[in-house]
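Reader: I'd love a friendly walk through this protein, with its inner spaces and packing explained step by step. Could you take my questions one at a time?

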Amino acid sequence: MAQIIDGKAIAADVRREVAADVAALSSAHGLVPGLAVVIVGSRKDSQTYVNMKRKACAEVGICSIDVDLPEDISETALVAEVHRLNADPAVHGILVQLPLPKHINEEKILSEISIEKDVDGFHPLNIGKLAMKGREPLFVPCTPKGCMELLSRSGVTVKGKRAVVVGRSNIVGLPVSLLLLKADATVSVVHSRTPDPESIVREADIVIAAAGQAMMIKGDWIKPGAAVIDVGTNSIDDPTRKSGYRLVGDVDFAAASKVAGYLTPVPGGVGPMTVAMLLKNTVDGAKRGIVE
């Protein structure tokens with residue numbers, strides 16, 4: 001049976017470390033790290049995510065600066081808001097909750113965030129540095145960073161291993177493949193246009209599943225002993241649940257747990273790590289400000 005990687009427990013460790021860092025910054029420099037969380041409009045799922053992030057900030061002593069903007073805000077006004085936060089010394093990290101309303105150009109907004117405050121790690125300069133050998137981004141995207149942290153804290157060696165990333169999104173698939181490459185893995189990316197994906201996944205010592213397809217990766221796709229990190233969060237109908245649905249990953253958990261060496265559950269795997277890494281990036285941003 002696979003060793004189940006407990007994302008909640010590992011995220012709690014990271015949060016404790018972050019809280020200690022926050023306390024040290026406060027006592028040594030009188031500095032409280034600040035994270036501005038910008039939300040445009042009132043999408044239910046976005047509201048939920050944002051509230052979770054704000055609550056997590058409060059728990060570790062990071063000051064959460066709430067910026068709630070109307071759905072119909074103009075792109076110009078949103079850019080002005082980002083510029084205001086760029087200039088505010090109390091703000092060490094800026095997070096713009098995606099997706100943005102249709103009339104706003106996401107790429108434009110993200111590239112206006114100061115690279116020094118880009119705690120989501122999506123600024124093209126940060127992604128560009130991540131892609132280049134011998135360069136280090138100021139921030140690494142939170143979910144991919146969380147995946148790597150789960151591997152390293154579970155004692156999984158990445159160097160020299162074959163890693164397969166399923167999915168090529170800007171948010172997870174692409175950056176996690178770059179991180180694995182930086183960590184000296186041999187990396188393949190499988191996506192919707194890949195013929196016979198299972199034959200490639202079967203060769204992997206490390207699988208990062210981030211395709212957004214419920215239980216797409218079957219037990220017999222997994223190489224015995226492989227480490228499997230499941231980033232997918234998909235809801236499927238379940239009449240036995242009060243809510244009428246349950247959350248599953250991109251991996252068939254029950255089947256994979258009989259073959260894999262390490263496996264993350266959904267929920268309780270990658271999810272908690274994403275928020276923990278956001279907190280860590282924010283504190284790192286505040287620390288960098290002092291050193292400079």
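The turns below go through the domains, the pockets, the packing and one helix.

Reader: Which domains is the protein divided into, and what distance separates their centres?

Author: Happy to start there, with the note that this is a predicted model. The protein is divided into domain 1, residues 30-114, and domain 2, residues 142-271. Taken over C-alpha atoms, the centres of domain 1 and domain 2 are separated by 29 Å.

Reader: Which residues are closest to the centre of the largest pocket?

Author: The largest pocket has a volume of about 1,300 Å³. Its lining counts 44 residues, and those closest to the centre are Tyr49, Thr143, Ile171, Thr233 and Thr274.

Reader: Where does the lining of the largest pocket come from, and how many of its residues are nonpolar, polar and charged?

Author: Each of domain 1 and domain 2 contributes at least three residues to that lining. By element, α2 (44-60), β4 (93-96), α6 and α10 (270-291) each supply at least two residues. Sorted by type, the lining of the largest pocket has 23 nonpolar, 13 polar and eight charged residues.

Reader: Which element gives the most to the lining of the second largest pocket?

Author: That pocket holds about 300 Å³ of space, and its lining includes Glu106, Glu107, Leu110, Ser111, Phe122 and Asn170. Again, at least three residues are drawn from each of domain 1 and domain 2. Both α4 (106-112) and α5 supply at least two residues. The element that gives the most, with four residues, is α4.

Reader: Why does the largest nonpolar core lie between the two domains, and which element gives the most to it?

Author: This core has 51 residues, and Ile62, Leu151, Leu180 and Ile208 have the most contacts inside it. Domain 1 and domain 2 both give residues to the core, so it lies between them. With nine residues, the element that gives the most to this core is α10.

Reader: Which residues does Leu180 touch, leaving aside those up to four places away in sequence?

Author: Leu180 is one of the residues with the most contacts inside the largest nonpolar core, and it is also among the buried residues of α7. Not counting residues up to four places away in sequence, Leu180 touches Met148, Leu151, Val158, Ala163, Val165, Ala185, Val187 and Ile208.

Reader: Is helix α7 mostly covered or mostly uncovered, and what covers its buried residues?

Author: Seven of the 10 residues of α7 (173-182) are buried, so-called mostly covered. The buried residues are Gly173, Pro175, Val176, Ser177, Leu178, Leu179 and Leu180. What covers them includes α5 (124-131), α6 (142-153), β5 (162-166), β6 (186-190) and β7 (206-209).

Reader: Which residue with a positive phi follows α7?

Author: The phi in question is near 70°. The residue that follows α7 with this positive value is Asp184.

Reader: Which element gives the largest share of the lining of the largest cavity?

Author: A search of the whole structure finds one cavity of 30 Å³ or more, and the largest cavity holds about 30 Å³ of space. It is lined by Arg162, Ala163, Val164, Thr186, Ser188, Ile200 and Glu203. Two elements, β5 and β6, give two or more residues to this lining. The largest share, three residues, comes from β5.

Definitions and conventions
Residues numbered from 1 in each chain as written. Predicted model: local features only at pLDDT ≥ 70, side-chain atom pairs only at ≥ 80, totals over all residues. Heavy atoms only, no water. Domains from an automatic or database assignment. Buried < 20%, exposed > 50% of the residue type's maximum accessible area, 1.4 Å probe, protein only. Contact = heavy atoms within 4.5 Å. 1 Å grid on protein atoms, 1.4 Å probe; cavity = no way out; pocket = protein on both sides within 12 Å on 5 of 7 lines; lining within 4 Å. Points joined across faces, edges and corners; volume = space filled by probe spheres on them. Nonpolar A, V, L, I, M, F, W, Y, C, P; charged D, E, K, R; others polar. Core = buried A, V, L, I, M, F, W, Y, C linked by side-chain atoms within 4.5 Å.
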